[in-house]
Amino acid sequence: MNYILAHDLGTSGNKAVLYSEDGKLVYSCTKNYGLKVENANWCEQDANDWWGAVVDVTREVCNMFDPKDIAVVSFSGQMMGCLCVDANGDPLRNSIIWADMRAAAEEAELRSKISNERFYSITGHRISSSYGGEKMMWVKNNEPEIYRNTHKFLNAKDYIILKLTGNFVTEYTDASSTQLWDLKNNVWSDELVEISGIDKSKLPTALAPTAIAGKVTREASKLTGLLEGTPVVCGGGDGVCSAIGTACTRAGLAHSCMGTSSWIAVTGEAPVNDPKMRINTWPHIVPGYYLPFGTMQCGGGAYNWAVKELYKDDADKFASSTREAKASDIGANGLLFLPYLIGERSPRWNPEAKGVFAGLTLEHTRGDMMRAVMEGVALNLGVILSAIKECGCPVDNIVTVGGGAKNDLWRRIFADVYNVKIQKPDNVDEATSMGAAITGGVGVGLFDSFEVANKFFTVEDTLLPNPANNEKYNRIAELFEECYQRMEPLFPKLNK
């Protein structure tokens with residue numbers, strides 16, 4: 001039996017998941033690491049913590065299973081980061097991760113040099129301080145010595161690939177997350193590299209997600225327990241890997257992830273052209289396809305915050321919060337929540353946006369507040385879904401994964417807000433690792449095509465929308481939008 005070892009490098013930790021070639025999850029283990037947050041929207045992690053976690057969980061797997069049976073190692077990982085490493089591959093500073101929004105001045109600098117429309121046509125993305133390229137510019141402008149000594153800028157999984165193989169590489173999906181990538185031609189964009197002022201030699205070699213990045217070195221073998229020479233396949237960014245792990249491998253298939261950040265994406269045959277630039281397009285891992293995508297900064301993160309703060313003294317806080325939210329009516333008895341706790345990407349693209357409870361009275365309960373949070377996240381994702389549909393991507397079914405997908409009430413809210421069928425797979429936590437495993441298997445020839453994803457993926461539960469509830473949510477959505485529009489001018493003042 002051949003096994004595939006998939007690493008899922010997330011924001012809170014690294015999960016190692018061992019899959020058999022017939023699609024079975026055989027073993028899983030996780031090692032968590034920390035996050036440094038300061039100055040309101042600066043978010044960093046120590047890359048040595050990533051590597052330490054990978055070493056620990058890989059050794060655990062190799063102690064449980066014969067490393068000779070591991071045919072390939074592959075990855076999914078957090079995207080849009082900026083890790084500076086020197087020529088020896090050693091980190092020069094903490095990684096500036098996806099949630100960091102510090103590069104506002106660099107975002108403005110890009111806007112002064114290129115039109116939004118031109119930038120969007122090249123990258124499939126709008127200019128935003130969320131992305132890796134702006135963070136590279138911030139390092140150049142604010143930490144010039146570190147910039148000078150940087151040999152390559154890497155994302156999280158790219159650094160682990162470097163530690164395993166000795167090779168400085170990335171792949172198309174993480175390259176796209178730098179905003180220095182030509183989406184249609186799958187090359188670094190000379191125009192954007194020049195405008196950004198980043199030295200092109202500091203960008204890693206970009207390979208296909210299914211490419212073999214290298215083989216496990218002797219040194220990495222001693223540390224991890226993996227067999228020297230084991231192939232290492234690039235894999236992809238977590239959001240794109242999740243499309244593979246939900247079997248969204250053909251045009252028109254859609255999925256949503258309810259993790260710390262949350263998104264809706266649909267597989268397409270061409271990049272979307274959204275005149276309002278609400279929706280981004282990523283390269284799909286399946287050759288010839290693209291992934292129109294809308295991501296909000298704090299979806300599951302807003303939910304977890306609300307549970308933690310409103311139910312902090314409750315021993316069974318998650319069950320209690322859901323029970324009390326169910327007791328609240330649709331619309332949370334007139335309470336709205338804007339879920340912008342760390343600024344926002346789609347559809348607002350406003351790093352200064354803040355979370356807001358609107359309509360709060362003495363009559364409201366914490367159950368109303370909890371329901372308002374759940375509905376606020378769903379309403380914001382509903383705006384994203386509407387934009388995707390407006391761009392010519394019909395959606396009538398969404399596979400929902402991530403921690404939030406476990407909540408029956410929240411899935412019901414999604415179905416009624418979106419007015420589409422919501423499907424939950426049998427393992428909502430493993431879409432990204434599953435996508436990485438399938439990508440690795442295709443990369444080394446274990447699988448003939450990505451259609452093997454249907455072996456790994458089983459629908460456990462399906463919810464159909466309730467038309468009467470959808471009608472109510474359509475009216476609430478109008479208030480939700482008006483609330484944001486009225487608050488938008490106040491956000492910069494609140495920041496001061």
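**Reading the terms of a predicted model**

Me: Why are α10 and α15 called roughly perpendicular to each other?

Reply: Helix α10 (residues 238-245) and helix α15 (residues 431-443) pack at an angle of about 80°, with their axes 7 Å apart, and that angle falls in the range of 65 to 115 degrees that counts as roughly perpendicular, whereas angles under 35 degrees count as roughly parallel, over 145 as roughly antiparallel and the rest as oblique. The axes are lines fitted to C-alpha atoms, for helices over the stretch in contact, and the angles run from 0 to 180 degrees between N-to-C directions. Helices (H or I, at least four residues) and strands (E, at least two) are DSSP runs numbered from the N terminus. This is a predicted model, in which local features need pLDDT of at least 70 and side-chain atom pairs count only at pLDDT 80 or more, while totals for chains, interfaces and linings use all residues. Residues are numbered from 1 along each chain as its sequence is written, and side-chain values use heavy atoms, with hydrogens and water left out.

Me: Which residues in α10 meet which in α15?

Reply: With contact meaning heavy atoms within 4.5 Å, D238, C241, S242, I244 and G245 of α10 meet A431, T432, M434, G435, A436, I438 and T439 of α15. The residues of this contact divide into 6 nonpolar, 5 polar and 1 charged, where Ala, Val, Leu, Ile, Met, Phe, Trp, Tyr, Cys and Pro count as nonpolar, Asp, Glu, Lys and Arg as charged, and the others, Gly among them, as polar.

Me: What makes the pair of W263 and F293 tilted?

Reply: Rings of Phe, Tyr and Trp (its six-membered ring) pair if their centres lie within 6.5 Å, and planes under 30 degrees apart count as stacked, over 60 as edge-to-face and the rest as tilted. The centres of W263 and F293 are 5.4 Å apart and their planes stand at 35°, so the pair is tilted. This pair links distant parts of the chain, with W263 in strand β18 (residues 262-266) and F293 in strand β20 (residues 290-296), 30 residues apart. W263 and F293 also belong to one aromatic cluster together with Y131, W282 and W349.

Me: How do you know that W263 is buried?

Reply: Buried means under 20% relative accessible area, exposed over 50% and partly exposed in between (1.4 Å probe, protein chains only). W263 has a value of 6%, so it is buried, and F293, at 3%, is buried as well.

Me: Why does M80 count as buried, and what is its phi?

Reply: M80 has a relative accessible area of 3%, and therefore counts as buried. Its phi is near 65°, a positive value in a residue other than glycine, and its place is in the loop between β6 (70-77) and β7 (83-85). Q179 likewise has a positive phi of about 65° although it is not a glycine; it is found in the loop between α7 (172-176) and β11 (181-182), and at 2% relative accessible area it is buried.

Me: What makes the charged end of R102 sit over the ring of W42?

Reply: A charge sits over a ring if NZ of Lys or CZ of Arg is within 6 Å of the ring centre and within 35 degrees of the ring normal. The charged end of R102 is 3.9 Å from the ring centre of W42, and R102 also lies over the face of W138, at 4.6 Å from that ring centre.
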